[in-house]
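Trainee: Please take one part of this model and look at it closely for me, setting it among its neighbours.

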Amino acid sequence: MTAEMVDDERYMREALSEARAAEQGGEVPVGAVVVRGATILGRGRNMPITANDPSAHAEIVALRAAAAALGNYRLVDADLFVTVEPCLMCVGAIIHARIGRVVYGCADAKAGALGGLVDVTRQAVFNHRFAVRAGVCESEARALLQRFFRARRGDPDAGAPHA
């Protein structure tokens with residue numbers, strides 16, 4: 001295992017911690033961290049219900065925190081670690097923030113915009129490109145979501161992302 005793979009797992013575990021905190025708050029358990037070098041610049045967890053804000057996805061919350069920490073909305077050379085494949089709104093924010101790489105846990109066939117439902121990275125119209133690594137701590141991320149939705153809906157398949 002390379003050093004980058006070890007670091008990816010380490011930061012994904014931080015994102016999973018944020019996801020568990022979201023679940024404790026009654027939100028869908030998705031967590032994210034923004035990292036530059038070896039420094040976590042921002043943390044986020046899903047909070048649209050708590051914040052009454054449809055844009056308060058874990059990725060957006062983490063990007064906002066990182067931008068505030070740096071005093072700049074451009075997060076060049078930063079990586080975003082998120083437990084679930086980002087949606088279209090979040091990928092738009094990732095592009096505008098100039099994130100260098102996105103690492104995610106499990107795919108989301110219903111709303112994922114990095115290949116699950118659509119793949120925005122294949123669109124030539126965007127002026128920013130970023131690397132993507134999928135499947136880091138995938139089983140943990142998926143299990144967290146499946147457990148949440150089973151408890152909430154009583155349906156073992158309801159709302160869970162599919163690989």
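**Strand 3 and its surroundings**

Mentor: In this predicted model, 5 strands form an open sheet with mixed pairing, in the order 2-1-3-4-5; strands are DSSP E runs of at least two residues, and helices H or I runs of at least four, numbered from the N terminus, while pairing requires at least two DSSP bridges. The edges are strand 2 (39-45) and strand 5 (131-134), each paired on one side only. Residues are numbered from 1 along each chain as its sequence is written. Local features need pLDDT (the predictor's confidence in each residue, from 0 to 100) of at least 70, side-chain atom pairs count only at 80 or more, and totals for chains, interfaces and linings use all residues, with side-chain values taken from heavy atoms, leaving out hydrogens and water.

Strand 3 (residues 79-84) is largely enclosed by the rest of the structure, because 6 of its 6 residues are buried, that is, under 20% relative accessible area with a 1.4 Å probe, protein chains only. On one flank, 4 bridges tie strand 3 to the antiparallel strand 1 (residues 31-36), where valine 33 has phenylalanine 81 as its bridge partner. Strand 4 (residues 101-106) pairs with strand 3 in the parallel sense over 5 bridges, and valine 102 of strand 4 stands opposite leucine 80. These two strands, together with helix 4 (residues 88-97), make a right-handed β-α-β unit. Strand 4 is also joined to strand 5, in the parallel sense, by 4 bridges, with valine 102 opposite valine 132.

Notes:
Buried < 20%, exposed > 50% of the residue type's maximum accessible area, 1.4 Å probe, protein only. Right-handed = clockwise from strand over helix to strand, strands pointing away.
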